[in-house]
Amino acid sequence: MLKLMYITNNPRVAKIAEEAGVDRIFIDMEYMGKDERQGGMDTVKNHHTVEDIKNIRSAVTKAQILVRVNPIHENTPQEIDAAIDAGADLLMLPMWKTAEDVKAFINCVNKRAGVMLLLENRQAAESLDEALKLDGIDEIHIGLNDLHLSLKKDFLFELLADGTVEGIVNKIKKTNIPYGFGGFGRLGDGILNADYIVAEHYRLGSSIAILSRAFCNAEQIKDLSVVEDIFKNGVAAIREFEDYLASADDEYFAECHCMLCDCCEEIVRRKSGSIKHLKDFWM
């Protein structure tokens with residue numbers, strides 16, 4: 001089963017997510033550089049705090065707490081210390097570019113929490129072989145949004161259709177480090193059907209995924225009973241679909257991948273106003 005993560009600093013929402021079967025509550029303290037990279041885009045720009053970690057730690061009992069800190073900077077050691085002291089189980093390093101960045105982060109964490117790398121730019125993809133030689137990487141997540149911007153793609157899920165993600169995970173597989181990519185909404189929904197994305201997780205051997213705003217935008221729902229229904233029914237539907245995927249054959253996954261590629265190409269065509277064939281970044 002996929003380890004499902006949900007971003008929130010609301011203790012009541014975190015408890016609802018946990019009880020529905022979400023494995024990790026994701027606290028997002030990253031803010032450095034986001035506006036410059038994603039200016040004008042409808043993306044989530046949180047600025048959670050150490051106090052949020054403490055509040056979530058008090059609210060959940062089974063779910064792990066994942067904290068995304070800022071990219072490597074002069075106050076990284078203090079930021080890591082504060083997050084661990086507040087109750088973080090895993091720390092995520094965003095926007096790393098070199099193996100030296102990764103080594104510095106691992107050393108700062110010093111085995112006091114799990115280390116998850118967020119691979120989300122061309123430089124990180126190009127440095128991956130060197131980074132994978134390091135001890136102390138517990139998981140890797142591929143951030144499709146920033147990575148597609150870095151690679152100058154038109155649509156974040158192009159990276160599933162054009163072989164970019166597959167090229168990355170084929171390298172990670174050799175190390176036995178668990179990995180995941182992107183996020184998705186409720187099954188049967190989305191500009192790209194979430195069913196195809198979940199099937200792609202299984203085709204590629206992913207074990208980690210984020211439940212996106214499209215799954216539940218809890219900040220805009222005032223009635224927590226609605227949030228509870230969304231999580232209860234939505235997570236149950238995902239787990240039921242995963243039971244099916246666990247026994248599906250290669251032909252089924254190939255068909256789902258073809259559907260995903262066709263949908264992505266149509267989305268890109270509509271965005272660009274002309275037919276645009278997908279290129280293989282890894283050729």
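In the predicted model, R203 is partly exposed, its relative accessible area being 25%, a value that falls between the limits of 20% for buried and 50% for exposed residues. The partner of R203 in a salt bridge is E166, with the closest N and O atoms 3.0 Å apart. Because E166 belongs to helix 9 (residues 164–173) and R203 to helix 10 (residues 194–203), this pair ties together parts of the chain that are 37 residues apart in sequence. E166 likewise counts as partly exposed, at 27% relative accessibility.

Whereas E166 is partly exposed, helix 9 also contributes a set of buried residues, namely T164, V165, G167, I168, V169 and I172. The elements that cover these buried residues of helix 9 include three strands and three helices listed here in order of sequence: strand 5 (114–119), helix 6 (122–131), strand 6 (139–142), helix 7 (144–150), helix 8 (158–161) and strand 7 (179–184).

A second group of charged residues is centred on R68. A salt bridge joins R68 to D28, with a distance of 2.8 Å between the closest N and O atoms; the two residues are 40 positions apart and link distant parts of the chain, R68 being located in strand 3 (residues 64–68) and D28 in strand 2 (residues 24–28). Both members of this pair, R68 and D28, are buried. R68 also meets the side chain of E30 in a salt bridge, at 3.4 Å from N to O. Since E30 is placed in the loop between strand 2 and helix 2 (34–38) while R68 lies in strand 3, this contact ties together parts that are 38 residues apart in sequence. E30, like R68, is buried. Elsewhere, K3, R24 and E139 are connected in a network of salt bridges. By the distance criterion applied here, the count of salt bridges comes to 17. With respect to charge as a whole, the protein carries 33 positive and 47 negative side chains, and the centres of these two sets are separated by 2 Å.

Helix 1 (residues 11–20) contains A17, which is buried, with a relative accessible area of 0%. When residues up to four places away in sequence are set aside, A17 touches V22, I25 and F231. The C-alpha atoms of A17 and A63 are 8.9 Å apart in space, although the two residues are separated by 46 residues in sequence.

Turning to the overall architecture, the secondary structure of the protein comprises twelve helices and eight strands. The radius of gyration is 18 Å, close to the 19 Å that the globule rule gives for 283 residues, and the protein is therefore as compact as a globular protein of that length. Along the principal axes, the C-alpha atoms fill a box of roughly 50 × 45 × 40 Å. Of the 283 residues in the protein, 51% are buried, and the accessible surface comes to about 13100 Å², with carbon and sulfur atoms accounting for 48% of this area. Among contacts in the protein with a separation of 6 or more, 70% are formed by residues that are 24 or more positions apart; the salt bridge between R68 and D28, whose members are 40 residues apart, and that between E166 and R203, at 37 residues apart, provide individual cases of pairing between parts of the chain that are separated in sequence.

Note on methods: Residues are numbered from 1 along each chain as its sequence is written. This is a predicted model: local features need pLDDT of at least 70, side-chain atom pairs count only at pLDDT 80 or more; totals for chains, interfaces and linings use all residues. Side-chain values use heavy atoms; hydrogens and water are left out. Helices (H or I, at least four residues) and strands (E, at least two) are DSSP runs, numbered from the N terminus. The radius of gyration is taken over C-alpha atoms; the globule rule is 2.2 Å times the number of residues to the power 0.38. Buried means under 20% relative accessible area, exposed over 50%, partly exposed in between (1.4 Å probe, protein chains only). Contact means heavy atoms within 4.5 Å. Accessible areas come from the Shrake-Rupley method with a 1.4 Å probe; for residues, only the protein chains shown count as cover. Lys and Arg count as positive and Asp and Glu as negative; His and the chain ends are not counted. The place of a charge is taken as NZ of Lys, CZ of Arg, CG of Asp or CD of Glu. A salt bridge is a side-chain nitrogen of Lys or Arg within 4 Å of a carboxyl oxygen of Asp or Glu.
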